[in-house]
Amino acid sequence: MKFCKTYQEYMQGQKKKQPGVGFKKLKKILKKCRREDFHDVRTCPDHCTVCDGSFFPALLDEMSAVVGFFHKRAQTLLELHLASGLRKYMFWVQGKRRGGHGALIEEGKDLVTYALINAIAIRKILKKYDKIHYSTQGQAFKSQAQSMHIGLLQSPWLFELMAFHINLRETKTKSRKAPALFEGCSLKINDEKPSLACELFDSVKLDIDLTCSICLDTVFYPVALTCGHIFCYMCACLAASVTIVDGLKSAEPKEKCPLCREARVFEGAVHLEELNMLLSRNCREYWEQRLQTERVERVRQAKQHWESQCRAFIGP
């Protein structure tokens, strides 16, 4: 079965209408572009009215709608699972109305599947564009969208949902059979190096390395920057030139991601609570050792912070 048909059947099978990629519409735009008599050369012209005026703007709008919908649903679901106190009770009441614990598991699966199948759709339509135009502009557009944080496979909420799915799957709650598209997520540990893995049909595999590129250890209290790269919280604070007391939101806009060198990525960093729970449960010995090590550093930074605050208040 061709992917276009599979994708349409998946989107039509959803209970509620969801934003998606207009696969047929975009392919029609490309067919129109193919009929135009300006592809004698092996590259798309600098000013292609079809591509510049229709294809990329339409795809960008659809990608923005898909990512926005996914982020909103994922945040709501994770807040429901991680809430505490009165907030947890209120969410629990809402959750009971929505079907309880089993419904949470299914919603988590559905959201991961939604993100991955739409990421495949975007990838395939851009490959189609490059094939028709004998160019790499489709891949360049993909990179541009990622720099605008309009990406699904780099989304911290996707990482959190994958960890969420694994955390809940390990309970004894029974759930209905997963969709045929979804092969499930798993935490893999090779040579003491963990990674998040997820497989979808069409031989697509997503593998997320959980090694911090600063300390070269498994991420501890992980945070994802807005560029999508994951670090230990303390390592991220070090890279942002802030203390753990002040936090990443106090980072200067000029500070850059240690990997991709993109600026303004610290303020919107996401604390990956589900991933933190998953790693602490599966890497117990490492977690205990790291707790002991970081406790000393946290106390030292907190002491320095309050001493500086006292000096500023009392004066020299």
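## Salt bridges in this model

A salt bridge is a side-chain nitrogen of Lys or Arg within 4 Å of a carboxyl oxygen of Asp or Glu. With that in mind, let's explore this structure, which is a predicted model. A search of the whole structure finds 6 salt bridges.

One of them pairs Glu107 with Arg73, whose closest N and O atoms are 3.4 Å apart. Glu107 sits in helix H5 and Arg73 in helix H3 (residues 49–82), so this pair ties together parts that are 34 residues apart in sequence. How buried or exposed are the two partners, Glu107 and Arg73? Glu107 counts as buried because its relative accessibility is 14%, under the 20% cut-off. Arg73 has 26% relative accessibility, so this residue counts as partly exposed.

## A small network in helix H10

Now look at helix H10 (residues 284–314), where Arg290 and Glu294 are 4 residues apart and therefore separated by about one helical turn. Their side chains meet in a salt bridge, at 3.3 Å from N to O. Arg290 is buried at 11% relative accessibility, and Glu294 is buried too, with a relative accessible area of 5%.

Glu294 also meets the side chain of Arg298 in a salt bridge, at 3.7 Å from N to O. Arg298 and Glu294 are again 4 residues apart in helix H10, about one turn of the helix. Arg298 counts as partly exposed, at 29% relative accessibility. Through shared partners, salt bridges join Arg290, Glu294 and Arg298 into one network.

## A buried charge without a salt bridge

Helix H5 (residues 100–133) also holds Asp130. What is the nearest side chain of opposite charge to Asp130, and how far away is it? That side chain is Lys127, 9.2 Å away, and Asp130 is buried yet has no salt bridge. A salt bridge would need a nitrogen within 4 Å.

Asp130 does have other company. Its side chain reaches the backbone nitrogen of Gln139 at 3.3 Å. Leaving aside neighbours within four places in sequence, Asp130 is in contact with Ser135, Thr136, Gln137, Gly138 and Gln139.

## The largest nonpolar core

Which residues touch the most other members of the largest nonpolar core? Of its 92 residues, they are Phe55, Leu59, Phe70, Leu161, Leu196, Leu210 and Leu248. Helix H5 gives the largest share of this core, 16 residues. The core draws at least three residues from each of domain 1 (3–180) and domain 2 (210–314).

Take Leu161 as an example. Beyond its neighbours within four places in sequence, Leu161 is in contact with Phe70, Ala74, Leu77, Leu78, Gly108, Leu111 and Val112.

Methods: Residues are numbered from 1 along each chain as its sequence is written. This is a predicted model: local features need pLDDT of at least 70, side-chain atom pairs count only at pLDDT 80 or more; totals for chains, interfaces and linings use all residues. Side-chain values use heavy atoms; hydrogens and water are left out. Helices (H or I, at least four residues) and strands (E, at least two) are DSSP runs, numbered from the N terminus. Buried means under 20% relative accessible area, exposed over 50%, partly exposed in between (1.4 Å probe, protein chains only). Lys and Arg count as positive and Asp and Glu as negative; His and the chain ends are not counted. A polar contact is a pair of N or O atoms within 3.5 Å; within protein, one must be able to donate a hydrogen and the other to accept it, and residues adjacent in sequence count only if both atoms are side-chain atoms. Contact means heavy atoms within 4.5 Å. A nonpolar core is a set of buried Ala, Val, Leu, Ile, Met, Phe, Trp, Tyr and Cys residues joined through side-chain atoms within 4.5 Å. Domain bounds come from an automatic or database domain assignment.
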